[in-house]
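Me: I'm new to this one. Could you show it to me and explain the words you use as we go?

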Amino acid sequence: MTTVLAVANQKGGVAKTTTVASLGAALSAIGQRVLVVDLDPQGCLTFSLGHNPDRLERSVNEVLAGDLDAADAILSTGDGMDLLPATIDLAGAEALLLMRPGREFALKRALSPLLGNYDVVIIDCPPSLGVLTLNGLTAAQSVLVPLQCETLAHRGVGQLLRTVREVQAITNPDLVLLGALPTLYDARTTHSRDVLADVSDRYSLPVLAPPIPRTVKFAEASASGATVLAGRKNKGADAYRDLAANLVKHWAGSEIVTFVPDPT
Ligand code: ADP
Ligand code: MG
């Protein structure tokens with residue numbers, strides 16, 4: 001059985017793309033067959049995995065438009081996973097999609113012939129709650145919400161959860177909200193912990209373990225065209241390895257491990 005996971009938050013800069021790339025690489029390193037899907041017209045995932053979106057002839061745009069089989073747009077990456085890339089033309093594809101019947105189902109339909117080739121498919125949603133994110137949530141079995149542990153992190157979470165509930169009601173009744181993943185976490189201050197406790201209480205949202213620490217390695221990695229897992233040992237890569245292990249056990253039937261901060 002293939003697991004399809006959407007990574008969504010309409011806020012930009014919360015580490016959605018970093019999470020898709022690093023978690024994908026970590027899953028791939030433990031033998032999972034992984035496909036990552038770039039649904040953001042900015043193409044940051046595509047770029048960070050070593051492909052220049054400006055030079056691609058085939059991408060998820062043509063696939064969503066129904067002009068190309070997904071299999072014919074897939075690229076391999078240095079981190080062992082496959083990539084369905086995006087280019088800036090995806091912004092136009094979004095407008096075209098809006099005029100089509102069944103527009104929320106375009107990605108689900110495109111991915112279905114491929115599912116047998118992969119253990120895990122991870123979808124990088126754009127920073128909006130538009131039709132592309134609806135396609136990601138409709139194609140997925142579960143959704144993970146990266147949450148940057150800073151003041152006002154909760155702004156927009158209510159709206160995102162409302163969208164998830166609407167998708168559950170209308171296009172994807174089986175969608176499971178896995179929980180929030182704390183990102184850019186600073187364990188040395190109480191601030192990150194307070195923010196998490198606040199968001200988790202307010203929305204009764206599970207907080208997944210482990211939190212991903214803030215480290216400069218991520219910026220260095222995305223500039224190099226490989227993920228943090230490819231570089232020297234570092235705590236960011238270790239955190240994503242632990243998250244991958246947590247999710248694989250969960251998909252095999254265990255309770256998901258949630259994060260309980262140390263009391264101060
Ligand atoms: P999003 O996809 O949600 O917009 P990105 O994954 O592109 O967010 O991350 C935004 C920025 O934060 C990038 O420059 C990325 O390198 C950086 N970043 C992500 N995770 C971390 C982290 N744990 N520590 C430090 N910087 C990070
Ligand atoms: Mg992104």
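Reply: Sure, starting with burial: a residue is buried if 20 or more other C-beta atoms, placed from the backbone, lie within 10 Å of its own, exposed if 12 or fewer, and partly exposed in between. Helices are DSSP runs (H or I, at least four residues), numbered from the N terminus. This is a predicted model, where local features need pLDDT of at least 70, side-chain atom pairs count only at pLDDT 80 or more, and totals for chains, interfaces and linings use all residues. Residues are numbered from 1 along each chain as its sequence is written, and chains are lettered from A and ligands numbered from 1 in the order in which they are written.

Me: Why is Ala93 called buried?

Reply: Ala93 has 23 other C-beta atoms within 10 Å, and the cut-off is 20 or more, so Ala93 counts as buried. Ala93 is found in helix α4, residues 90-98.

Me: What makes the buried residues of α4 lie on one side or on opposite sides?

Reply: The buried ones are Leu90, Ala93, Glu94 and Leu97. They cover an arc of only 110° around the axis (taken from the directions from the helix axis to the C-beta atoms), so they sit on the same side of α4. The face turned away from that buried side carries the exposed residues Ala95 and Leu98.

Me: What do the buried residues of α4 pack against?

Reply: They pack against α3 (60-64), α5 (106-111) and α6 (131-139). Leaving aside neighbours within four places in sequence, Ala93 is in contact (C-beta atoms, placed from the backbone, within 7 Å) with Asn61, Leu64 and Ala65.

How values were computed. Helices (H or I, at least four residues) and strands (E, at least two) are DSSP runs, numbered from the N terminus. Two residues are in contact if their C-beta atoms, placed from the backbone, lie within 7 Å.
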